[in-house]
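These are my notebook entries on a structure that I had not looked at before. I wrote them down in the order in which I looked things up.

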Amino acid sequence: MADDVIDPENDGDLQSQLEEVEAMSSIYGDEWCVIDEVSRIFCIKISNDLEELKLTACLQIILPPDYPSAAPPIYQINAAWLRGPERAKLANSLEDLYVEHVGESILYLWVENIREFLVEKTQSAETVDQPERVNMTAEEDVDDEDLPDFRTLKLNTENAHLFLDHSNDEEVPPIKHGNTITDRRSTFQPHLAPVVTPRQVKMVLEKLYETKKIASATHNIHAYRIFCEDKHSFLQDCEDDGETAAGGRLLHLLQILDVRNVMVVVSRWYGGILLGPDRFKHINNCARNILVEEGFTASMDESTRSGAKAKRPKSKKAK
């Protein structure tokens, strides 16, 4: 990781990135934030600029070495109110913009496209009063001090091509649905699918959102871990979907259990009563139960009984 090693083939891209980042910083000022300059990770807070009905979203971006000439930015949109079909609609509009402007710097167009989306949503007849609180279960503030900081997870940009695999031959992985947990009118249900590429992660989410009940959930929290055999490293990511810190906690569980090539989605239907920290317990219990049921990990009882020499579960998915 020496700073002085530069691939001549990516020289032009690096120069384009430097110029684009400088322009974004100049245009957006404090809204534009550099998370990790070496790894080319940035974020920007975008709002609809309306005082009464204020909507905001945070766009996190990783610039691969071959952007803009051959690859798009890798991105994630964080917004408590943005879920399901709306999230898919916005993602599709960003991807369409990229296709229209392949090889060009795209960040400014993406930011303004998201801003327009926020304005349209605010003006929509369906907009609810106090939109910042739409479908949010803004319970007690989460104490994140003991949590890994997943906002700065560094995605290995060598794996960026995996996000661009739009092969029509790829089938949606089989999805399993677990048992529900209900507490004070809030219901939690886990869903699990084996995945080996981020493209499959996207396919699983799209398939789940085809089910009206799942699409209407207050939150669909997810996390995944994919083991890259050739690099002996993991591709992993998570999404809160409005349930602050829940995605990070779910990914932390997957890491602790050392599972691989799997994604877990936990749907929560909010029942109107705040659950406090119990909501995180239910989310992780749901996830743990379905991972054990589907043979991705041993139960905790088994692990503690076997001590340091814990046996692997008898499963086709072991290894």
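Entry 1, aromatic pairs. I began with the rings, keeping in mind that this is a predicted model, and I found that the structure holds four aromatic pairs. The one I looked up at the start joins Tyr75 and Trp110, whose ring centres are 5.1 Å apart and whose planes stand at 70°, so I noted the pair as edge-to-face, given that planes over 60 degrees apart count as such. Tyr75 belongs to strand β4 (residues 74-78) and Trp110 to helix α3 (residues 107-123), so this pair ties together parts that are 35 residues apart in sequence. I then asked how covered the two residues are: Trp110 has 1% relative accessibility and counts as buried, whereas Tyr75, at 24%, counts as partly exposed.

A second pair that I looked up is formed by Phe227 and Phe234, with 5.0 Å from centre to centre and 55° between the planes, and this pair is tilted. Phe227 is buried, its relative accessible area being 16%, while Phe234 counts as partly exposed at 27% relative accessibility.

Entry 2, charges over rings. I stayed with Phe227 for a moment, since the charged end of Arg260 sits over its ring, 4.3 Å from the ring centre. I also noted Lys213, whose charged end sits over the ring of Trp269 at 5.1 Å from the centre of that ring.

Entry 3, the sheet of β1 to β4. Next I followed an open sheet of four strands, which has the order β1-β2-β3-β4 and antiparallel pairing. Which strands stand at the edges? They are β1 (32-36) and β4, each of which has a single partner strand, so one side of each is left without a neighbour in the sheet. When I looked at how neighbouring strands of this sheet are set against each other, I found them turned by 20° on average, with direction ignored.

I then went through the pairings strand by strand. β1 pairs with strand β2 (residues 41-47) in the antiparallel sense over four bridges, and one bridge I wrote down has Asp36 with Ile41 of β2 as its partner. The hairpin of β1 and β2 has four residues between the strands, and in this hairpin Arg40 takes a positive phi near 60°. On to the next pairing: seven bridges join β2 to β3, and these two strands run antiparallel. Here I noted that Ile44 has Leu59 as its bridge partner in β3. I also checked how covered β2 is, and six of its seven residues turn out to be buried, which leaves the strand mostly covered.

Entry 4, helices on the sheet. I looked for helices that lie across these strands and wrote down two of them. Helix α1 (residues 11-28) lies across β1 and β2 and runs at about 140° to β1, while α3 lies across β1, β2, β3 (56-62) and β4 and runs at about 30° to β2. The two helices also pack against each other, at an angle of about 35° and with their axes 10 Å apart. From α1 the contact is made by Glu20, Met24, Ile27 and Tyr28, and from α3 by Leu107, Tyr108, Val111, Glu112 and Arg115. Sorted by class, this contact of α1 with α3 has six nonpolar and three charged residues, and no polar ones.

Entry 5, two loop residues. I closed with two residues in loops. Thr197 lies in the loop between β7 (186-194) and α4 (198-209), and I asked whether this residue is buried or exposed. At 13% relative accessibility, Thr197 counts as buried, since the cut-off for buried is under 20%. Leaving aside its neighbours within four places in sequence, Thr197 is in contact with Glu170 and Ile226.

Asp240 lies in the loop between β9 (233-239) and α6 (246-256), and at 26% relative accessibility this residue counts as partly exposed. With its neighbours within four places in sequence left aside, Asp240 is in contact with Ile221, Ala245, Ala246, Gly247 and Gly248. I also looked up its distance to Asn220: the two residues are 20 apart in sequence, and their C-alpha atoms are 7.6 Å apart in space.

Conventions: Residues are numbered from 1 along each chain as its sequence is written. This is a predicted model: local features need pLDDT of at least 70, side-chain atom pairs count only at pLDDT 80 or more; totals for chains, interfaces and linings use all residues. Side-chain values use heavy atoms; hydrogens and water are left out. Rings of Phe, Tyr and Trp (its six-membered ring) pair if their centres lie within 6.5 Å; planes under 30 degrees apart count as stacked, over 60 as edge-to-face and the rest as tilted. Buried means under 20% relative accessible area, exposed over 50%, partly exposed in between (1.4 Å probe, protein chains only). A charge sits over a ring if NZ of Lys or CZ of Arg is within 6 Å of the ring centre and within 35 degrees of the ring normal. Two strands pair if DSSP finds at least two bridges between them. Axes are lines fitted to C-alpha atoms, for helices over the stretch in contact, and angles run from 0 to 180 degrees between N-to-C directions. Contact means heavy atoms within 4.5 Å. Ala, Val, Leu, Ile, Met, Phe, Trp, Tyr, Cys and Pro count as nonpolar, Asp, Glu, Lys and Arg as charged, and the others, Gly among them, as polar.
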